[in-house]
Amino acid sequence: MSIAASVRMGLAKKKMQHEELASKLGKRRETISSWCNGHSTPSFHTQMDIAKAFGVSVSDFIKWGE
């Protein structure tokens, strides 16, 4: 499982840029980039927020990375 892949898939599926997701989450664009590149991993609470920003369940969000 790769949260990095889940974030990348969500961005692609929702046609969203790093800046837009960062704005929705109150994070910096660099943080989103770090997640996408696998350099860091968001906390589970943040993963829940990411799923909400993408409009999907947490389980669906996580499945994107499988």
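This report describes helix packing, buried residues, aromatic pairs and selected loop positions in a predicted model.

**Packing of H2 against H3 and H4**

Helix H2, residues 18-25, packs on helix H3, residues 29-36, at an angle of about 110°, and the two axes are 8 Å apart. H2 is therefore roughly perpendicular to H3, since angles of 65 to 115 degrees fall in that class. The crossing of H2 past H3 is right-handed. On the H2 side, the contact is made by His18, Glu19, Leu21, Ala22 and Leu25, and on the H3 side by Arg29, Ile32, Ser33, Trp35 and Cys36. By residue class, this contact of H2 with H3 holds six nonpolar, two polar and two charged residues.

H2 also crosses H4, at roughly 115°, and the axes of these two helices come within 10 Å. This crossing of H2 and H4 is right-handed. Here Leu21, Lys24 and Leu25 of H2 meet Asp49, Ile50, Ala53 and Phe54 of H4. The contact of H2 with H4 consists of five nonpolar and two charged residues, with no polar ones. Leu21 and Leu25 take part in the contact with H3 and also in the contact with H4.

**Buried residues of H1 and H3**

In H1, the buried residues are Ile3, Ala4, Ala5, Ser6, Val7, Gly10 and Leu11. The elements that cover them include H2, H3, H4 and helix H5, which spans residues 58-63.

In H3, the buried residues are Ile32, Ser33, Ser34, Trp35 and Cys36. Their cover includes helix H1 (3-13), H2 and helix H4 (44-54). Of the buried residues in H3, Ile32, Ser33, Trp35 and Cys36 belong to the contact with H2.

**Aromatic pairs**

A pair of aromatic rings is described by the distance of the centres and the angle of the planes. The model has three aromatic pairs by this rule, and two of them are set out in the table below.

| Pair | Centre to centre | Angle between planes | Class |
|---|---|---|---|
| Phe54 and Phe61 | 6.2 Å | 40° | tilted |
| Phe61 and Trp64 | 6.3 Å | 75° | edge-to-face |

The Phe54 and Phe61 pair is classed as tilted because its planes stand at 40°, whereas angles over 60 degrees count as edge-to-face. The planes of Phe61 and Trp64 stand at 75°, and that pair is edge-to-face. Phe61 belongs to the pair with Phe54 and to the pair with Trp64. Phe54, Phe61 and Trp64 together make up one aromatic cluster.

The members of this cluster are buried. Phe54 and Phe61 are both buried, and the relative accessible area of Phe61 is 0%. Trp64 has a relative accessibility of 18% and so counts as buried, the cut-off being under 20%. Phe54 also has a place in the contact of H4 with H2.

**Gln47 in H4**

Gln47 is a residue of helix H4. It is buried, with a relative accessible area of 8%. Leaving aside residues up to four places away in sequence, Gln47 touches Ile3, Thr41, Pro42, Phe61 and Ile62. Among these partners, Ile3 is one of the buried residues of H1, and Phe61 is a member of the aromatic cluster. Gln47 and Phe61 are 14 residues apart in sequence, and their C-alpha atoms lie 8.3 Å apart in space.

**Loop positions and positive phi**

Lys15 lies in the loop between H1 and H2. Its phi is positive, near 50°, in a residue other than glycine. Lys15 is exposed, with a relative accessible area of 72%.

Gly38 comes just after H3 and takes a positive phi of about 75°.

His39 is placed in the loop between H3 and H4. It is exposed, with a relative accessible area of 66%. The C-alpha atoms of His39 and Ala4 are separated by 8.7 Å, although the two residues are 35 residues apart along the chain. Ala4, in turn, is among the buried residues of H1.

Terms used:
Residues are numbered from 1 along each chain as its sequence is written. This is a predicted model: local features need pLDDT of at least 70, side-chain atom pairs count only at pLDDT 80 or more; totals for chains, interfaces and linings use all residues. Side-chain values use heavy atoms; hydrogens and water are left out. Axes are lines fitted to C-alpha atoms, for helices over the stretch in contact, and angles run from 0 to 180 degrees between N-to-C directions. Helices (H or I, at least four residues) and strands (E, at least two) are DSSP runs, numbered from the N terminus. Angles under 35 degrees count as roughly parallel, over 145 as roughly antiparallel, 65 to 115 as roughly perpendicular and the rest as oblique. A crossing is left-handed if the near helix is turned anticlockwise from the far one by less than a right angle, and right-handed if clockwise. Contact means heavy atoms within 4.5 Å. Ala, Val, Leu, Ile, Met, Phe, Trp, Tyr, Cys and Pro count as nonpolar, Asp, Glu, Lys and Arg as charged, and the others, Gly among them, as polar. Rings of Phe, Tyr and Trp (its six-membered ring) pair if their centres lie within 6.5 Å; planes under 30 degrees apart count as stacked, over 60 as edge-to-face and the rest as tilted. Buried means under 20% relative accessible area, exposed over 50%, partly exposed in between (1.4 Å probe, protein chains only).
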